[in-house]
Amino acid sequence: MNKLLMEENDRLQKQVSHLVYENGYMKQQLQTASVTTTDNNSCESVVVSGQHQQQQNPTPRHPQRDANNPAGLLTIAEETLAEFLSKATGTAVDWVQMIGMKPGPDSIGIVAVSRNCSGVAARACGLVSLEPTKVAEILKDRPSWYRDCRCIDVLSIIPTANGGTIELIYMQTYAPTTLAAARDFWTLRYTTSLEDGSLVICERSLTSSTGGPTGPPTTSFVRAEMLPSGFLIRPCDGGGSIIHIVDHVDLDVRMVWSVPEVLRPLYESSKILAQKMTIAALRHIRQIAQETNGEIQYGGGRQPAVLRTFSQRLCRGFNDAVNGFVDDGWSLMGSDGVEDVTIMINSSPGKFFGSQYNTSMVPSFGGGVLCAKASMLLQSVPPALLVRFLREHRSEWADYGIDTYSAACLKPNPYTVPCARPSGFPSSQVILPLAHTVEHEEFLEVVRLEGQAFTPEDVALARDMYLLQLCSGIDENAVGACAQLVFAPIDESFADNAPLLPSGFRVIPLDSKPVMDGPGAARTLDLASTLEVGPGSNRSTGDGEPNSYNLRSVLTIAFQFTFENHLRDDVASMARQYVRSVVGSVQRVAMAIAPSRISPGLGPKSLPGSPEALTLARWICRSYRIHTGGELLRADSQSGDTLLKQLWNHSDAIMCCSLKTNASPVFTFANQAGLDMLETTLVALQDIMLDKILDEAGRKSLCAEFSKIMQQGFAHLPAGICVSSMGRPVSYEQAIVWKVVDDDNDDAANHCLGLM
């Protein structure tokens with residue numbers, strides 16, 4: 001690929017030089033012709049009379065370019081082609097290479113973004129093993145790869161004399177958040193072939209300055225402008241294609257009313273444009289190429305096209321919920337006096353017969369879909385880390401009763417409306433992978449929620465449920481990438497046409513401001529650094545990142561529920577309360593993740609340094625020495641800070657479990673090796689029960705030795721297998737269990753169980 005690109009670069013540089021020479025020569029000829037046909041006085045009179053005529057008869061700049069004049073449209077098309085090629089292969093835009101792109105032979109291609117140009121632009125070049133005509137067909141189907149595309153209508157197709165086509169296109173796009181208006185485009189698209197056999201698809205907006213017909217009127221959208229953009233597809237010897245992609249848009253941020261000041265970066269960032277459009281197009285083509293060649297095999301008997309459709313339906317359903325367009329049947333419901341959560345309802349049955357809905361989801365005796373949504377600004381929270389945490393630790397924010405109600409919409413007899421509770425019913429999740437894209441930037445999965453009942457009245461709700469889930473953007477190195485977690489309840493049959501009612505989270509980075517003073521704060525999912533570090537603790541700095549960034553991002557949350565007409569107000573109240581509860585949980589997690597809350601220079605593996613943690617570390621080591629006669633740590637590590645650090649960094653997994661009568665032991669502490677083994681964090685650790693991670697043999701072994709532990713103080717368990725919080729098996733060679741007692745050494749009040 002490198003050799004091909006070098007050859008392509010040499011060829012294009014020569015072509016650019018030749019075109020620059022020809023352009024200069026033509027300008028010189030035109031100037032010479034102007035000088036020889038008029039003198040200075042006549043030139044001045046022509047200019048003056050021209051201005052006077054223009055004032056008297058204000059006409060469009062290009063009067064010949066209208067819908068009834070194909071020649072005028074062809075002129076626009078040819079100009080668009082020339083401008084596009086100058087961007088794709090030349091220096092018409094000041095391009096800089098985009099940082100954070102994966103290097104090496106598996107790289108998706110070469111990506112660059114604009115600097116100091118009108119609007120925002122991105123350019124990419126890559127190699128795929130598909131023929132140019134197939135590539136062109138895929139790229140023209142914009143909704144299949146551009147997730148923000150709501151609809152695209154080709155209103156007119158005009159063939160050209162050179163065998164190409166001119167299309168007049170109206171496209172609507174979704175707003176990424178509830179805080180901004182959606183955009184639409186009115187464009188001319190020109191498809192043609194070059195002399196060297198390359199295919200070109202170029203496109204630009206039709207405006208008063210370009211001429212051409214006027215586009216459809218817009219009400220719910222802000223008209224944006226697409227500057228000359230498109231695709232240059234060059235065939236390679238021996239098969240395959242080299243693709244050059246240029247996206248250049250002006251999203252019209254000058255309309256102050258349409259974009260809050262804080263959200264301007266959403267529309268002024270070339271990196272966000274590159275991730276959403278340019279790189280997305282290249283990845284989609286590469287994905288289809290590998291599927292076509294049989295390089296990707298999916299389990300479960302599903303065809304790749306079916307799995308892609310599921311992903312598209314989840315995204316589209318979530319976008320519909322976030323935007324709530326009136327022409328889709330959405331209407332605003334009155335608030336309860338506080339404007340933090342927006343409630344919208346859709347009672348139009350005809351609107352639910354589309355790709356993401358199904359007639360079975362709307363009650364036959366009257367009802368609809370209700371959406372509760374909210375957006376908020378996050379400070380210093382990496383989007384990838386937040387979404388990864390929300391995915392892996394659902395119990396931190398979700399309510400099992402609400403999940404049950406959502407799943408009940410798939411049944412003929414829904415449950416009654418539950419009351420949202422911060423804790424809900426305990427449940428654990430098992431993630432079953434379905435498919436992922438080539439670079440693992442997006443993956444589709446089924447989540448099994450395992451319910452547990454502790455009281456007779458909970459038995460009806462304690463059952464396994466299933467979610468179809470799409471997660472994307474959790475690569476921290478992807479600059480400008482949006483992180484998203486979208487899910488919808490499904491039943492056990494999981495048919496290809498299963499009805500989907502998506503809910504979820506979207507976190508979009510706004511900008512990053514370098515912090516020039518002070519070392520960088522490393523980011524970690526270990527929430528102990530904030531939740532368990534006292535305000536007065538001092539830390540020594542570790543090897544942090546060379547630069548620190550003040551990250552800002554916008555989080556959008558949307559949850560959808562079906563309702564029956566007579567229960568509409570109850571469902572609305574439940575949804576509003578639940579979204580507020582979720583917002584509170586997410587804020588708590590976000591505050592813990594935010595590096596600004598951590599003392600400067602904190603190392604990537606932070607220690608829980610509160611007095612309570614120091615005391616617990618002392619109890620763990622002292623109890624181990626009393627009961628086993630051996631030293632857990634080195635003899636010279638008896639001071640509090642040193643002892644805690646030794647315990648935290650111990651190579652063996654050391655954990656503590658609660659000891660309560662008539663209750664399953666729950667983990668209360670683990671060192672870093674323990675957290676790694678369980679694939680969790682100190683916060684989520686407290687939702688994990690000991691008997692859930694041990695296999696059958698391990699549970700029997702622990703029960704058999706329990707009385708010995710209580711009497712003798714410790715016991716050895718044989719080798720076995722446990723299961724992490726993500727459902728993955730972990731083997732261990734040996735385990736030691738001992739009683740952890742406090743400083744009073746009162747066996748009647750055992751503090752917890754220690755495990756290593």
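I started with a strand pair: strand 26 (residues 735-740) and strand 27 (residues 752-755) are joined by 4 bridges and run antiparallel. I noted to myself that this is a predicted model. Next I looked for what sits across from Val740, and found Cys752 in strand 27.

Then I zoomed out to the sheet. Strands 26 and 27 belong to an open sheet of 5 strands, and I read the order as 22-21-27-26-23, with antiparallel pairing. Which strands are at the edges? They are strand 22 (667-670) and strand 23 (714-717), since each of these pairs on one side only. I also checked the twist, and from one strand to the next it averages 20°.

Something packs on this sheet too: helix 17, residues 696-712. I found helix 17 touching strand 23, strand 26 and strand 27. Its direction makes about 155° with that of strand 23.

New entry, on a helix pair. I picked helix 8 (residues 383-392) and helix 11 (residues 568-593), which pack with their axes 10 Å apart and at an angle of about 130°. That angle makes helix 8 oblique to helix 11. I looked up the handedness as well: the crossing of helix 8 past helix 11 is right-handed.

Which residues meet there? From helix 8 I listed Leu385, Leu386, Phe389 and Leu390, and from helix 11 I listed Val586, Val589 and Ile593. Sorting this contact by class, I got 7 nonpolar residues, no polar and no charged ones.

Definitions and conventions. Residues are numbered from 1 along each chain as its sequence is written. This is a predicted model: local features need pLDDT of at least 70, side-chain atom pairs count only at pLDDT 80 or more; totals for chains, interfaces and linings use all residues. Side-chain values use heavy atoms; hydrogens and water are left out. Two strands pair if DSSP finds at least two bridges between them. Helices (H or I, at least four residues) and strands (E, at least two) are DSSP runs, numbered from the N terminus. Axes are lines fitted to C-alpha atoms, for helices over the stretch in contact, and angles run from 0 to 180 degrees between N-to-C directions. Contact means heavy atoms within 4.5 Å. Angles under 35 degrees count as roughly parallel, over 145 as roughly antiparallel, 65 to 115 as roughly perpendicular and the rest as oblique. A crossing is left-handed if the near helix is turned anticlockwise from the far one by less than a right angle, and right-handed if clockwise. Ala, Val, Leu, Ile, Met, Phe, Trp, Tyr, Cys and Pro count as nonpolar, Asp, Glu, Lys and Arg as charged, and the others, Gly among them, as polar.
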